[in-house]
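Work through the exercises below with the sequence and the coordinates open beside you, and try each task before reading its solution.

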Amino acid sequence: MKSIVIVGGGVGGIFTANKLASKLASEIRREEVSITVVEPQDRQVYQPGFLYVPFKELTPDVMFKPVSKLLSPLAKVEREPAAKIDMSAKKVVLQSGKEVKYDYLVVATGSVVKTQAFPGFGEAWHTFWVLEGAKRLREALRRFNGGTIVFSVTSTPYKCPVAPYEFLGLLNDYLMATGLRAKTKVIFTTVAPHLHAQPQINKFLEETLKMWGFDYKTKFQVNAIEPGKISGSEELKADLIIAVPPHGGEEVVIKSGIGDQAGWIPVDRYTLQIQAQGATGAEYAIGDATNLPVPKAGSVAHFQSEVVSSRIAEEIQLGYSDTRYDGRVICFILTGFEEATVVSWNYENPAKYPPPPSRFFTRLKDMTNYSIWSVLRCGL
């Protein structure tokens, strides 16, 4: 029997498991193939929903879903953390010491938000990259009565590169709705040399921030965050500080020695096969966990899960696979509560200038939010 082990039961891991279950249903029923997902959490949270929490929280049935209701019955679950991935022995060692052997491995462990990187999280500064932080930011916004808001991207890469600008669009509408816009100054800083790596999206964002009347600074390295001020190449005083904390790879990746210094897993940009020492060609990584120069976003993990599940299924059924990832990315960009736009690109074709923001794209993004669990369950 061929054993497929998927480490991580987030969007990328469950999409991969369900797609494999669909492609290899006959082989699984004949007990020629097994699929095992290593995931200690018994429910998943819809991380893109964190963006809305400071303003208007999505309902619990949208934000949370039990893993048991998302995963195909043809896949099994190991409900404990992976402690080590040993590619030379083709096995995953769980926290209890139990060993799970594999013929094919998919690492979909996501990324870690390092809120401990700066002291004062939840008090001196806020973030919506974790749920608890998003809730505290909501409380801070309700107490805010005007002044200066500083929003800083402290490190790259991070999950959902357009999320800071979506937040600023929602913030602009919120400040106008509450009568605070005229007495509020907003400053955005990023450590990156631009607002976005894609030139046409960068141009769109520069124009949009100027239209909103928000100041922005690039190449701003944050050295310290203290109550009321954020320090980098200059000191910025603020009545409310919001930050994107540094991100890194999961501990199991680092301990297993299959990641780079930040814990991102090196993979072939087309096949998504892991390029670390000990890899045999049967190991893949997808989504946030990789070191690929594409956004760490759910849509990317979705596209990559199709590539990896197809490659594994084709190798089992045909003995070879030519399926390749072309760098496909699609992102919606909210520019306010009622308007959004969309961008897409791949390795060969850079993003075009986004279409004018409209309610049409907002509704498409809403449809994604409200249908994601069904799409995930069906492995579409």
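The expected span of a helix is 1.5 Å times one less than its number of residues. The model used here is a predicted one.

**Exercise 1.** Compare the length of helix α5 with its expected span, and determine how far the helix is enclosed.

*Solution.* Begin with the span: α5 has 15 residues and reaches 21 Å from its first C-alpha to its last, which is close to the 21 Å expected. Next, apply the cut-off for burial, under 20% relative accessible area. By this criterion 12 of the 15 residues of α5 are buried, so the helix is largely enclosed by the rest of the structure; among them are Glu-166, Leu-168, Leu-171 and Asn-172. Just after the helix, Gly-179 adopts a positive phi of about 75°.

**Exercise 2.** Locate the largest nonpolar core relative to the two domains.

*Solution.* The core holds 112 residues, of which Leu-168, Leu-171 and Tyr-325 touch the most other members. Its largest share, eight residues, is supplied by α5 (residues 163–177). Because domain 1 (2–111 + 249–328 + 374–378) and domain 2 (115–245) both contribute residues, this core lies between them. Leaving aside residues up to four places away in sequence, Leu-171 touches Phe-55, Leu-141, Ile-149 and Val-186. Another core, of 13 residues, lies apart from the largest one and includes Ile-187 and Phe-220.

**Exercise 3.** Describe the surroundings of Ser-305.

*Solution.* Ser-305 belongs to helix α8 (residues 298–318) and is buried, with a relative accessible area of 0%. A polar atom of its side chain lies 2.6 Å from the backbone oxygen of His-302. Not counting residues up to four places away in sequence, Ser-305 touches Gly-12, Phe-15, Thr-16, Lys-19 and Ile-286.

Terms used:
Residues numbered from 1 in each chain as written. Predicted model: local features only at pLDDT ≥ 70, side-chain atom pairs only at ≥ 80, totals over all residues. Heavy atoms only, no water. Core = buried A, V, L, I, M, F, W, Y, C linked by side-chain atoms within 4.5 Å. Buried < 20%, exposed > 50% of the residue type's maximum accessible area, 1.4 Å probe, protein only. Helix = DSSP H or I, 4+ residues; strand = E, 2+ residues; numbered from the N terminus. Domains from an automatic or database assignment. Contact = heavy atoms within 4.5 Å. Polar contact = N/O pair within 3.5 Å; in protein donor to acceptor, adjacent residues only side chain to side chain.
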